[in-house]
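Here are my notes on the two-chain model you sent over. Have it open while you read, since the points follow particular residues and helices.

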Amino acid sequence: MSPLFFWIASALMLIFGAAVIINRNPVASALSLVVSFLGLAALFMSLDAFFIGIIQVLVYAGAVMVLFLFIIMLLDLRAEERRRINIGAFAGGVAVAIVFFAQLYLVIGQLRTAKLPFAALPATSGDDVHRVGLLLFGNYNLPFQIIGVLILVATVGVIVLSKRELR
Amino acid sequence: MVTLGDYLFVSGVLFTIGFAGVLLRRNLIIIFMSLELMLNAANLSLVAFSRFRLDSLGLPNYHGQVFVFFIITVAAAEVAVGLAIIVALYRLRRTTHIEDINSLKF
């Protein structure tokens, strides 16, 4: 986990994350979000969470972003770019965000364990897919099944919502 | 040397970017993307804590990663349902701008 890699991946993630909310064009925002998620996947890999990193790329940078781009192109949102900004609401939003971040920064500064570096892992720790899978199908089997039902419900709900006439 | 605090700091900055996006932007789809940024910031700190808190074998605490897996799954379902609602709304009102959708506003 080299510091250079960490800071490059974080800078990539944060710059493109900021680009998501700065861009006026929704397509540019969605593409910035993809790069931001790739940076986040790199950070997951730097934390030895290879399974989560791969899932992040597959689910977010793959499936979710295709869905976002598809909807943006379906709705044709170009008229939204010409809106004026309400100055009062803008200043209030920035102030609330800055206060929130200052609080978070103070709490992290107070945390004693936050100043410790990460301990090295033993050489046999590369099999995190195996270990996450054992937990998922052992300890967390019931939540796993419930998640399956949740996805089924979401699928049915999306089909019902996209019907032309709701009854 | 990268510490736990560095990861928590980066995660906090990402969460603040998402929070600012929800407060500042007026386009429903951009607000939805900002929600995703906030979810992912929480995931980053969960994985950082999972890597930091080693168990008796010296391995990361994989319970945190299972939790992140569940969050990603629920977020994917949420995106599908949310975008379907946005499409239904657009069909009804021809807009995704939240200042045009204020029937519930006092």
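The points below go from the contact between the chains to single residues.

1. First, a caveat: this is a predicted model, and local features are taken up only at pLDDT of at least 70, while side-chain atom pairs need pLDDT 80 or more. Totals for chains and interfaces use all residues, though, so keep that in mind for point 2.

2. How much of each chain is in contact with the other? On the B side there are 61 residues, and they are in contact with 71 residues of chain A. H1, H2 and H3 of chain B each put at least two residues into that side of chain B, and H3(B) supplies the largest share, 22 residues. By type, the chain B side comes out as 43 nonpolar, 14 polar and four charged residues.

3. Now the core. The largest nonpolar core has 55 residues, and Met33(B), Leu44(B) and Val47(B) are the ones that touch the most other members. Both chains feed into this core: helices H1 (3-22), H2 (26-46) and H3 (50-75) of chain A, along with helices H1 (4-24), H2 (28-52) and H3 (62-93) of chain B, each supply at least two residues. H2(B) gives the largest share, at 13 residues.

4. Val47(B) is worth a click. Setting aside residues up to four places away in sequence, Val47(B) touches Phe44(A), Leu47(A), Ala49(A) and Ile52(A) in chain A, plus Gly64(B), Gln65(B) and Val68(B) in its own chain.

5. How do H3(A) and H2(B) pack? Their axes are 12 Å apart and the angle is about 175°, which makes H3(A) roughly antiparallel to H2(B). On the H3(A) side the contact uses Ile52(A), Phe68(A), Ile71(A) and Ile72(A), and on the H2(B) side Ile29(B), Met33(B) and Val47(B). That contact divides into seven nonpolar residues, no polar and no charged. Two of the names from point 3, Met33(B) and Val47(B), turn up here again.

6. Another helix pair across the chains is H5(A), residues 128-137, against H3(B): here the angle is about 75° and the axes are 9 Å apart. H5(A) and H3(B) are therefore roughly perpendicular to each other. Asp128(A), Arg131(A), Val132(A), Leu135(A) and Leu136(A) meet Tyr62(B), His63(B), Gln65(B), Val66(B) and Phe69(B). By type, this contact has six nonpolar, two polar and two charged residues.

7. Tyr140(A) belongs with that last point. Tyr140(A) sits in the loop between H5 and helix H6 (141-161) of chain A, and, leaving out residues up to four places away in sequence, touches Leu135(A) and Val66(B). Is Tyr140(A) buried, exposed or partly exposed? With 19 C-beta neighbours inside 10 Å, Tyr140(A) counts as partly exposed; the cut-off for buried is 20 or more.

8. Two residues that are not glycine have a positive phi, so check the backbone yourself at each. Asp48(A) has a phi of about 60° and is placed in the loop between H2 and H3 of chain A. Asp48(A) counts as buried because 20 C-beta neighbours lie inside 10 Å. Arg94(B) also has a positive phi, near 60°, but is found in the segment after H3 of chain B. With 10 C-beta neighbours inside 10 Å, Arg94(B) counts as exposed.

9. Staying in that segment after H3 of chain B, have a look at Leu104(B). Leu104(B) has 5 C-beta neighbours inside 10 Å and so counts as exposed. Arg93(B) is eleven residues away from Leu104(B) in sequence, and their C-alpha atoms are 15 Å apart.

10. Phe16(A), in helix H1 of chain A, is buried, with 21 other C-beta atoms within 10 Å. Apart from neighbours within four places in sequence, Phe16(A) is in contact with Ser32(A), Val35(A), Ser36(A) and Gly39(A). The C-alpha atoms of Phe16(A) and Ala28(A) are separated by 10 Å, with the two residues twelve apart along the chain.

11. Last, the domains. Chain A is divided into domain 1 (1-83), domain 2 (84-118) and domain 3 (128-167). The C-alpha centres of domain 1 and domain 3 of chain A lie 23 Å apart.

Definitions and conventions:
Residues are numbered from 1 along each chain as its sequence is written. Chains are lettered from A and ligands numbered from 1 in the order in which they are written. A nonpolar core is a set of buried Ala, Val, Leu, Ile, Met, Phe, Trp, Tyr and Cys residues joined through C-beta atoms within 7 Å. A residue is buried if 20 or more other C-beta atoms lie within 10 Å of its own, exposed if 12 or fewer, and partly exposed in between; C-beta atoms are placed from the backbone. Helices (H or I, at least four residues) and strands (E, at least two) are DSSP runs, numbered from the N terminus. Two residues are in contact if their C-beta atoms, placed from the backbone, lie within 7 Å. Ala, Val, Leu, Ile, Met, Phe, Trp, Tyr, Cys and Pro count as nonpolar, Asp, Glu, Lys and Arg as charged, and the others, Gly among them, as polar. Axes are lines fitted to C-alpha atoms, for helices over the stretch in contact, and angles run from 0 to 180 degrees between N-to-C directions. Angles under 35 degrees count as roughly parallel, over 145 as roughly antiparallel, 65 to 115 as roughly perpendicular and the rest as oblique. Domain bounds come from an automatic or database domain assignment.
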